[in-house]
Amino acid sequence: MKTADIKELSNFLLDYAVMLMRSGANTERTVRNVTRISKSFGYEAAIAIFQRNITMTIKDTADTSNGCTSVKQQMPPHLSLSIVNDLSALSWQSFDTNMSLNEVKERYSEIVSKAHSSNFIVLLFASFAIAAFCELFGGDYYAMLIVFLSTLVAFSLRLFLLKLKFDVRAMITAVSFSASFTAYLIGTFLISTNTLNVAVSTSVLFLIPGVHIINSVTDILDGHVMTGIARAVSSIILVICIAIGLYATLSLTNWLFL
């Protein structure tokens with residue numbers, strides 16, 4: 001049986017759980033992975049995940065008097081499904097092999113320190129993706145070009161505001177307005193299209209919190225009702241912010257150009 005200091009293991013598992021949740025894992029996956037690693041070291045883990053923090057209790061299965069309870073605050077979301085996949089694989093590696101805690105921590109550090117895609121690559125592919133959505137919703141090729149250009153502008157603004165650590169709700173509202181208003185201006189003055197309404201409405205799709213909406217549903221179905229409801233409410237608030245930005249564009253353009 002592998003051994004590890006219970007306090008050191010508790011601190012690591014809290015970091016591990018926070019990173020999983022931050023990267024877009026659902027609650028059930030996080031609980032299973034944490035439990036799997038703790039069992040590999042002969043401990044039993046009880047974990048409670050909330051919107052703002054994670055509480056974890058680790059107990060020695062051979063000596064129930066030996067236990068440790070810790071709390072750690074959640075981090076702002078930074079979606080990376082590759083990190084979720086690699087951290088899940090790490091839990092199985094720890095369970096199936098004779099990895100020491102130091103080896104598990106080293107592997108964890110390698111995973112979380114992996115270079116993310118450059119902002120330019122993300123910006124470019126996001127713009128292509130939203131242009132493709134425009135075509136799916138009935139936009140013509142000119143509308144697709146409009147959406148591509150407006151997404152370049154709005155996504156760049158999003159990255160800039162993220163660096164400034166802007167409030168996420170204010171950021172989503174501002175970027176939604178930027179995307180839709182830019183699409184309207186380009187479609188009105190630079191590129192003529194018969195489906196400008198499609199271009200304007202699809203220009204904000206990159207802001208939809210799809211992963212969080214899916215996770216909120218799976219959390220509720222898996223029995224993590226409080227976490228699922230919290231995620232659902234947060235997602236609804238973000239969707240409302242998107243709607244406010246889009247409504248601001250429609251109101252302003254009606255006042256200026258009609």
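Here is a walk through this structure, from a strand hairpin to the cores and then the aromatic rings.

Keep in mind that this is a predicted model: local features need pLDDT of at least 70, side-chain atom pairs count only at pLDDT 80 or more, and totals for chains, interfaces and linings use all residues. Residues are numbered from 1 along each chain as its sequence is written, and side-chain values use heavy atoms, with hydrogens and water left out.

Let's start with strand β1, residues 43-49 (helices, H or I of at least four residues, and strands, E of at least two, are DSSP runs numbered from the N terminus). In a regular strand the side chains alternate between the two faces of the sheet. In β1, Y43, A45, I47 and I49 point to one face and are buried, while E44, A46 and A48 point to the other face and are not buried. Here buried means under 20% relative accessible area, exposed means over 50%, and partly exposed is in between, using a 1.4 Å probe and protein chains only.

The partner of β1 is strand β2, residues 53-60, and the two pair in the antiparallel sense over seven bridges (strands pair if DSSP finds at least two bridges between them). Y43 stands opposite D60 in β2. With three residues between them, β1 and β2 form a hairpin.

Now for the inside. In soluble globular proteins, nonpolar side chains tend to be buried together. A nonpolar core here is a set of buried Ala, Val, Leu, Ile, Met, Phe, Trp, Tyr and Cys residues joined through side-chain atoms within 4.5 Å. The largest one has 34 residues, and Y16 and L87 touch the most other members. At least two residues of this core come from each of α1 (6-23), α2 (27-40), β1, β2, α3 (81-96) and α4 (101-112). Helix α1 gives the largest share, 11 residues. Leaving out residues up to four places away in sequence, L87 touches Y16, M19, L20, Y108 and I111, where contact means heavy atoms within 4.5 Å. There is also a second, separate core of 33 residues, which includes C134, F155, A183 and Y184.

For a meeting of distant parts of the chain, look at L246 in helix α10, residues 225-257. Its C-alpha atom is separated by 6.0 Å from that of S176, though the two residues are 70 apart along the chain. Not counting neighbours within four places in sequence, L246 is in contact with S176, S180 and V200.

On to the rings. Rings of Phe, Tyr and Trp (its six-membered ring) pair if their centres lie within 6.5 Å; planes under 30 degrees apart are stacked, over 60 edge-to-face, and the rest tilted. By this rule there are seven aromatic pairs. One of them is F12 with Y108, edge-to-face at 5.4 Å centre to centre and 85° between the planes. F12 lies in helix α1 and Y108 in helix α4, so this pair ties together parts that are 96 residues apart in sequence. F12 is buried at 4% relative accessible area, and Y108 is buried too, at 11%. Ring pairs link F12, Y16 and Y108 into a cluster.

F177 and F181 make a stacked pair, 5.2 Å centre to centre with 10° between the planes. Both lie in helix α7, residues 168-190, four residues apart, about one turn of the helix. F177 is partly exposed at 29%, whereas F181 is buried at 17%.

Finally, the charged end of R36 sits over the ring of W92, 3.9 Å from its centre. This label needs NZ of Lys or CZ of Arg within 6 Å of the ring centre and within 35 degrees of the ring normal.
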